[in-house]
Amino acid sequence: MLNKIAKLCLSVTFLFLIVACEKTKEAPKDITVFVKDDIRIENAWLRAMPQGISNTAGFMVIKNDSDKPLILEDVSLDWARMGMIHESKVVDGMAKMIHQDEIVIDKELAFKPGGLHIMVMGTHKPLDPSKSYNILLHFAGREPLAVPFKVGQAK
């Protein structure tokens, strides 16, 4: 009986994670640009989730204005239990989220629903659509960048 309950809980959790990362047509409008040195972050947003769901996903476009590749090694935050870089893929007909140890950005890379994203797990409280939430982006050889992510609904 306990094994069946554990399987059911895992299935429900996985379903919510897939919903948080699912493909949509476009990002919400009116989202700001963050610039630091030769890095531009555009359209940084977090998917608004229904009441009671403590996992979500973050999306953005990273533009590298330098002549060297940027390496995004990690993300961190203090308003949820954990943040990780994932990529959604369909492998052998099954949707999977694959953890990414690092991401190389030559000129531009989009984190978008159905692809690369920041998986946010265990928000401490529901996200407030009127606020921004900082996510620290850890690039190799640089100080972490605190990028404000707005809460939005995918269109």
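Helices and strands here are DSSP runs, with at least four residues for a helix and at least two for a strand, and they are numbered from the N terminus. Counted that way, the protein has one helix and eleven strands. What you're looking at is a predicted model, so keep that in mind as we go. Reading from the N terminus, the order of the elements is α-β-β-β-β-β-β-β-β-β-β-β. The chain has 155 residues, and 39% of them are buried.

Let's start with charges. Side chains of opposite charge can pair when their charged atoms come close. How many salt bridges does this model have? The count comes to four.

Take the pair made by Arg 142 and Asp 38, whose side chains meet in a salt bridge at 3.0 Å, N to O. Arg 142 sits in the loop between strand S10 (132–139) and strand S11 (145–152), while Asp 38 sits in the loop between strand S1 (33–36) and strand S2 (39–47), so this salt bridge ties together parts that are 104 residues apart in sequence. As for how open the spot is, Arg 142 is partly exposed, because its relative accessibility is 32%, in between the 20% and 50% cut-offs.

Now for a busier spot. Arg 40, Glu 42, Lys 63 and Glu 108 are joined in a network of salt bridges. One link in it runs between the side chains of Arg 40 and Glu 42, at 2.8 Å from N to O. Another connects Lys 63 with Glu 42, this time at 3.3 Å from N to O. Lys 63 belongs to strand S3 (residues 56–64) and Glu 42 to strand S2, so that pair ties together parts that are 21 residues apart in sequence. Is Glu 42 buried or exposed? Its relative accessibility is 14%, so Glu 42 counts as buried. Arg 40, by contrast, is partly exposed, with a relative accessible area of 26%.

Not every charge is in a bridge, though. Which residues gather in a patch of negative charge on the surface? They are Glu 73, Asp 74, Asp 101 and Glu 102. You can find Glu 73 in strand S4 (residues 70–76). With a relative accessible area of 41%, Glu 73 is partly exposed.

Next, have a look at the loop between S2 and S3. Asn 55 is found there, and so is Ile 53. Asn 55 is buried, at a relative accessible area of 10%. The side chain of Asn 55 reaches the backbone nitrogen of Gly 122 at 2.9 Å. Ile 53 is buried too, since its relative accessible area of 18% is under the 20% cut-off. Where does Ile 53 sit relative to Lys 125? In sequence the two are 72 residues apart, and in space they are 9.6 Å apart, C-alpha to C-alpha.

A similar kind of check works for Ala 110, which lies in strand S8 (residues 108–111). Ala 110 and Phe 59 are 51 residues apart in sequence, and their C-alpha atoms are 7.7 Å apart in space. Ala 110 counts as partly exposed, at 32% relative accessibility.

Finally, two backbone details are worth a glance. Asp 37 has a positive phi of about 55°, although it is not a glycine. You'll find Asp 37 in the loop between S1 and S2. Asp 37 is exposed, because its relative accessible area of 65% is over the 50% cut-off. Asn 43 is another residue other than glycine with a positive phi, near 50°. Asn 43 lies in strand S2. With a relative accessible area of 30%, Asn 43 is partly exposed.

Note on methods: Residues are numbered from 1 along each chain as its sequence is written. This is a predicted model: local features need pLDDT of at least 70, side-chain atom pairs count only at pLDDT 80 or more; totals for chains, interfaces and linings use all residues. Side-chain values use heavy atoms; hydrogens and water are left out. Buried means under 20% relative accessible area, exposed over 50%, partly exposed in between (1.4 Å probe, protein chains only). A polar contact is a pair of N or O atoms within 3.5 Å; within protein, one must be able to donate a hydrogen and the other to accept it, and residues adjacent in sequence count only if both atoms are side-chain atoms. Patches are made of residues with over 30% relative accessible area and no salt bridge: like charges are joined within 9 Å, nonpolar side chains (Val, Leu, Ile, Met, Phe, Trp, Tyr) within 5 Å. Accessible areas come from the Shrake-Rupley method with a 1.4 Å probe; for residues, only the protein chains shown count as cover. Lys and Arg count as positive and Asp and Glu as negative; His and the chain ends are not counted. The place of a charge is taken as NZ of Lys, CZ of Arg, CG of Asp or CD of Glu.
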